[in-house]
Amino acid sequence: MAADLNISAPVMLDQYTRFDRAAVSDDNVFSYNYTVLNISNPDSLIQEVSNSLKDAIRKEFSTNPQLQFFRKNNVVIEYVYKDEDSNIIRLLKINPEDYQ
């Protein structure tokens, strides 16, 4: 799944957010990696949307049949947001119990 997502990466999702890559770790963590661009305070942008984003992610992973693999395998999901200097500005971690 990560390899499929990475075929089109990097790709701009909107004027501020670039999807860079997806990765899977040995400890069952699936990471979506993004860079926040074109804004002087990227943390404020992510902070504004982080609660609604986390709720939307939980709902999507709990209801979307295409994401059943995550539910069946108790995958931890991470959304990693970095600034233009590759510093992590926000890490949204969603544990399996949050979306099952």
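This passage describes the sheet, one helix, two residues and the largest pocket of a predicted model.

A good place to start is the sheet. Strands of a sheet pair through backbone hydrogen bonds, and the pairing may be parallel or antiparallel. In this model, 5 strands form an open sheet in the order 1-2-3-4-5, and their pairing is mixed. Strand 1 (11-12) and strand 5 (88-94) are found at the edges; each has a single partner strand, so one side of each is left without a neighbour in the sheet. Further in, strand 3 (residues 29-36) and strand 4 (residues 76-82) run parallel and are joined by 7 bridges. To see this pairing on the structure, look for Ser 31, which stands opposite Glu 78 in strand 4. Helix 2 can then be added to the picture: this helix lies across strand 3, strand 4 and strand 5, and runs at about 15° to strand 5.

Two residues help to show how the strands meet their surroundings. Asn 33 belongs to strand 3. Is Asn 33 buried or exposed? Its relative accessible area is 11%, and buried means under 20%, so Asn 33 counts as buried. Setting aside neighbours within four places in sequence, Asn 33 is in contact with a run of residues made up of Arg 18, Phe 19, Asp 20, Arg 21, Ala 22 and Ala 23, and also with Val 80.

Arg 90, in turn, is part of strand 5. With a relative accessible area of 22%, Arg 90 is partly exposed. Which residues does Arg 90 touch, not counting those up to four places away in sequence? The contacts are Asp 43, Ile 46, Gln 47, Tyr 79, Val 80 and Tyr 81. Val 80 is thus a contact of Asn 33 and also of Arg 90. Arg 90 and Leu 53 are 37 residues apart along the chain, and 12 Å separates their C-alpha atoms.

Leu 53 leads on to the last feature, the largest pocket, since this residue is one of those in its lining. Rolling a probe the size of a water molecule over the atoms shows where empty space is left. The largest pocket holds about 160 Å³ of space. Its lining is formed by Leu 13, Asp 14, Tyr 16, Thr 17, Tyr 34, Leu 45, Ile 46, Val 49, Leu 53 and Tyr 81. Which element gives the largest share of this lining? Helix 2 (residues 42-63) does, with 4 residues. Sorted by class, the lining has 8 nonpolar residues, 1 polar and 1 charged. Two of the lining residues, Ile 46 and Tyr 81, have already appeared among the contacts of Arg 90.

Technical notes. Residues numbered from 1 in each chain as written. Predicted model: local features only at pLDDT ≥ 70, side-chain atom pairs only at ≥ 80, totals over all residues. Heavy atoms only, no water. 1 Å grid on protein atoms, 1.4 Å probe; cavity = no way out; pocket = protein on both sides within 12 Å on 5 of 7 lines; lining within 4 Å. Points joined across faces, edges and corners; volume = space filled by probe spheres on them. Helix = DSSP H or I, 4+ residues; strand = E, 2+ residues; numbered from the N terminus. Nonpolar A, V, L, I, M, F, W, Y, C, P; charged D, E, K, R; others polar. Pairing = 2+ DSSP bridges. Contact = heavy atoms within 4.5 Å. Axes fitted to C-alpha atoms, helices over the stretch in contact; angles between N-to-C directions. Buried < 20%, exposed > 50% of the residue type's maximum accessible area, 1.4 Å probe, protein only.
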